[in-house]
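Colleague: Please take a close look at one helical part of this model, and set it in the context of the chain around it. I would like one connected account, with the terms explained as they come up.

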2 protein chains.
Amino acid sequence: MRGVIMHEPGDVRVEERPDPTIEAPTDAVIRIVAACVCGSDLWPYRGADAPDQQLMGHEYVGIVEEVGDEVRTVAPGDFVVGSFVISDNTCPICTAGYQSRCVNGIFVDGGIGTQAEFARIPHADGTLVATPGQPDDDLIPSLLAASDVLGTGWFAADAAEVGPGKSVAVIGDGAVGLMGVLAAKQMGAETIIAMTRHVDRQNLAREFGATHIVEERGDEGVAKIRELTDGLGVHSAIEAVGSQESMMQAIRSTRPGGHVGYVGVSHDVELPGGELFFGLVHLHGGPAPVRRFLPDLIELIWNREIDPGKVFDQTMSLDDAAAAYSAMDSREAVKVLLRPRSLHLSVQER
Amino acid sequence: MRGVIMHEPGDVRVEERPDPTIEAPTDAVIRIVAACVCGSDLWPYRGADAPDQQLMGHEYVGIVEEVGDEVRTVAPGDFVVGSFVISDNTCPICTAGYQSRCVNGIFVDGGIGTQAEFARIPHADGTLVATPGQPDDDLIPSLLAASDVLGTGWFAADAAEVGPGKSVAVIGDGAVGLMGVLAAKQMGAETIIAMTRHVDRQNLAREFGATHIVEERGDEGVAKIRELTDGLGVHSAIEAVGSQESMMQAIRSTRPGGHVGYVGVSHDVELPGGELFFGLVHLHGGPAPVRRFLPDLIELIWNREIDPGKVFDQTMSLDDAAAAYSAMDSREAVKVLLRPRSLHLSVQER
């Protein structure tokens, strides 16, 4: 089969790899219908992490080809959405809702890699969720979004305790930040402030529910947010970048007693204890336990109550993965959907 | 009147200061019945903060002498307990339960100083809570504890979302840590692990409700906690020191999805973003909004359901404040209660 390998920063290739097979009775092998490039894939692409021949891709929807003897909840032919972390969904950490730290957890990145034609998914019952039937083609981008960016933005909003009547600042205008805006809207937030200086992303943010746009960053951005919140700061901040600047902006934008939900993969961040202490905010975040939210998110998408798939502004063939990485790296694209050539159906143009 | 001034690290003196008077219509002047030395007073005492003629003391119980025209909820003659931060208790931050960051907040330390015979308490209605009547003398240490260490330990347990059936690790064996043990017991925790290597503090921790003692620190301490929690870590950690080591011990002892409540005044702490991110814990803490908890804590004490006053193991005259600081600095005393000479009644010996 064909699959994406990152040899070194900036060097993305689509190459032949062995077809995956069932190795354990809890495995499933799925045919990937759509995958995509994640903002977090740009960290190794830009050299912040060492890729070293890494099998890329952790977002995916697909059709089950084959299952092991112990798999009960998905069957060949099912259309499935999976999380970017393999989870058994039965351990005490999973049952508490933290499947992304399952005691048997495996990150799909690296070991599996779903920017490919097929993938072996361990702990299929605990990782995959079948849709109610075969989806219309125009639902595929939204279902794919649920696999990571929607689930992650949703977790960030949940971690930030977004709720009816509250004010929310969203730091980060990538796909996850935009999904955070959508989640905040769904959760009933009254004021949703998207921080972005890119007109196309401002428009998308407004479409997803942003009530205010703040273009300023750093201290000026924080001052602007205070202006919009009676000088107090927001109830909830969603951090979707992972840098020192964005974390501090989130913390400083939040009122005492408020909540920061952070999901940007942390790079070179050191949080100053004294400022955290006197800030009196709540901090919660990390790799999103997407599996917790998948059943509800699939239902919202299936019923066409949300349309997160709008976050994909380009569709390419899996064979063009290098161009997809490049478009996201340069921020020409918000998020690129990849379809294996064999299944390169027409995705609704957006 | 007489009051404690710290001239420089290690130099604590009791000196004459002007008697406080009503300056604003929301003020009260109280006669201090008991005050004490706080673990946080040891930071400037040891030179970690610059005291510079600081008026010391922020824990207090007393009798109202005089009130301004707008004070409604306390009257001359009332016995009152106050928080270590002045709060109006009406601003949006206060009404959300974060009175320690009241928009009109003032730290009692520095500007007021309750290691003294009298104190002017601004925003008396929002800061002070009257007891149901004049307390028996043996209740005074417990009521004084409510003013900070009990309220702070309680907030830490609340921030760590301690609850029935949960496991809790308490890092820090000072008065606040011990109060965290008491709070965890009251909140129904099943496993309460006190981390201390001092036999007298171990005994006090057990008396307050600790089910396990861990003497190890650092990585070994974390390993021990994992052993006691099926390898997962605790649901809740209470951090009551404020150092890098204790914060990391709290974070590393907590399972993914668990909660760290931190109340040790942060000194030279830098939290590594990557470890926080993948740890997936909740972090919340800072200066405790004691005022939120005071009414309930006073009721528990008044009904003799809790006896936090046991945390005071020495009582001295206010005039002996220097000896009190020294006893706490050397850890001979867990916590020293100070009584102005004029009110140096017999406190039940413990």
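**From the pair of chains to one helix**

Modeller: A turn of 180 degrees, with a shift of 0.0 Å along the axis, lays chain A on chain B with an RMSD of 0.0 Å, the copies being superposed by least squares on the C-alpha atoms of residues with pLDDT of at least 70 in both. That is the relation of a two-fold axis, and the same surface serves both copies, in that 100% of the contact residues of chain A recur in chain B (contact means heavy atoms within 4.5 Å). This is a predicted model, in which local features need pLDDT of at least 70 and side-chain atom pairs count only at pLDDT 80 or more, while totals for chains, interfaces and linings use all residues. Residues are numbered from 1 along each chain as its sequence is written, chains are lettered from A and ligands numbered from 1 in the order in which they are written, and side-chain values use heavy atoms, with hydrogens and water left out.

Before the helix itself, the chain that holds it deserves a description. Chain A has 13 helices and 19 strands, these being DSSP runs numbered from the N terminus (helices are H or I, at least four residues; strands are E, at least two). Its radius of gyration is 19 Å, close to the 20 Å that the globule rule gives for 350 residues, so chain A is as compact as a globular protein of that length; the radius is taken over C-alpha atoms, and the rule is 2.2 Å times the number of residues to the power 0.38. Of the 350 residues in chain A, 60% are buried, where buried means under 20% relative accessible area, exposed over 50%, and partly exposed in between, with a 1.4 Å probe and protein chains only. Among the contacts in chain A with a separation of 6 or more, 69% join residues 24 or more positions apart.

The part I have chosen is helix H8 of chain A, residues 199-208, in which Arg201(A), Gln202(A), Leu204(A), Ala205(A) and Phe208(A) are buried. Seen down the axis of H8(A), these buried residues fall within an arc of 165 degrees, so they line one face of the helix; the arc is that of the directions from the helix axis to the C-beta atoms. Their cover includes helix H7 (175-186), strand E12 (191-195) and strand E13 (212-214) of chain A. Just after H8(A), Gly209(A) takes a positive phi of about 130 degrees.

A positive phi also appears at Arg304(A), about 60 degrees, although Arg304(A) is not a glycine. Arg304(A) lies in the loop between helix H12 (290-302) and strand E18 (314-317) of chain A, and at 44% relative accessibility it counts as partly exposed.

Another loop residue, Gln99(A), sits between helix H2 (92-95) and strand E8 (106-107) of chain A, and Gln99(A) is buried, with a relative accessible area of 7%. Leaving aside neighbours within four places in sequence, the contacts of Gln99(A) include Ile93(A), Cys94(A), Pro289(A), Arg291(A) and Arg292(A).

For a helix to set beside H8(A), H10 of chain B (residues 244-253) is mostly covered, with seven of its 10 residues buried, among them Met247(B), Met248(B) and Ile251(B).
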